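Got your viewer open? Here's a short tour that tells you what to select next and what to look for there.

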Amino acid sequence: MLLACLLRRIAPKQPPMSKTTPGQITPLFVTEIYRADMTARAGFEDFIEELDDTCRAIADEDEAGQNWSQQKAYLGYTSYASLNDLPERAPIFADLKAWLDGHVAAFAETLEYDLHGRKLKMDSMWINVLEHLGTHSGHIHPHSVISGTFYVAIPDGASSLRFEDPRLAMMMNAPLRKPSARQDHQAFQSVAPQPGTVLLWESWLRHEVPINLSEDVRISVSFNYA
Ligand SMILES: [Fe+2]
């Protein structure tokens with residue numbers, strides 16, 4: 001006992017542990033969201049006004065769409081199940097489609113899809129007019145490759161679009177991230193669009209439109225490419 005005490009006293013002090021230099025981080029399996037803005041395009045103000053008017057006019061006339069929205073408890077109007085010909089129905093949608101085609105091609109390029117020389121094609125496009133307190137719960141867009149939304153009317157308080165980490169169901173015992181954590185470490189990401197914004201994502205990525213707190217309607221045009 002005495003010897004042990006003596007040895008401890010005379011043993012040289014251990015140098016303090018040097019601070020760990022963090023290792024290298026490699027981001028893998030990255031989820032990418034594409035955003036572009038039409039506002040700088042010549043004639044944007046006229047374009048968005050005409051698109052807004054056309055969306056409202058169709059929402060007023062399309063009884064099948066109104067009934068479907070009501071049956072599905074969608075607070076507002078969507079042409080999702082009633083109209084499949086918007087670009088043929090009104091030239092403003094054909095113009096929008098042409099602009100979107102370019103952005104979807106650019107995103108597919110960024111994602112480095114091997115499309116064997118072929119191009120992704122729009123296979124559906126629909127109007128959403130979301131009323132005050134309306135919402136659209138979490139969902140994916142099956143049978144599509146790239147999905148997206150173009151924003152027409154975003155009044156004050158209008159919902160953002162909220163994306164969910166696709167690995168969420170696998171996280172089991174993973175601790176929650178700090179509220180101050182980096183954007184790419186958060187399990188949910190809200191993106192606030194403006195009129196003229198387009199957001200694109202891979203169709204398997206779950207997303208939702210949280211409750212719309214604006215007094216005025218929030219208008220958007222959604223679409224799928226396959
Ligand atoms: Fe969606």
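Contact, on this tour, means heavy atoms within 4.5 Å. One thing to keep in mind as you click around: this is a predicted model.

**First stop: H141.** Select H141, in the loop between β4 (136-139) and β5. Is H141 buried or exposed? With a relative accessible area of 9%, H141 is buried, because buried means under 20%. Now show what surrounds this histidine. Leaving aside residues up to four places away in sequence, H141 touches W126, S147, S203, H207 and N224. Two of those neighbours deserve a closer look. Draw a line from the side chain of H141 to that of H207 and you'll have a polar contact of 3.1 Å. Do the same with the side chain of N224, and the polar contact there is 2.8 Å.

**Next stop: the largest nonpolar core.** This one has 38 residues, and F93, L96 and F150 have the most contacts inside it. Which elements should you colour? Those giving two or more residues to this core are β1 (34-37), α2 (44-61), α5 (91-111), β3 (122-130), β5 (146-153), β8 (197-202) and β10 (218-225). Pick out α5 in particular: its nine residues are the largest share of this core.

Now zoom in on F93. Not counting residues up to four places away in sequence, F93 touches L51, T54, C55, I58, L86, P87, M125, I127 and V221.

**Last stop: another core.** Apart from the largest core lies another, of twelve residues. To find it, select some of its members, including Y74, Y151, L199 and V209.

Key: Residues numbered from 1 in each chain as written. Predicted model: local features only at pLDDT ≥ 70, side-chain atom pairs only at ≥ 80, totals over all residues. Heavy atoms only, no water. Core = buried A, V, L, I, M, F, W, Y, C linked by side-chain atoms within 4.5 Å. Buried < 20%, exposed > 50% of the residue type's maximum accessible area, 1.4 Å probe, protein only. Helix = DSSP H or I, 4+ residues; strand = E, 2+ residues; numbered from the N terminus. Polar contact = N/O pair within 3.5 Å; in protein donor to acceptor, adjacent residues only side chain to side chain.
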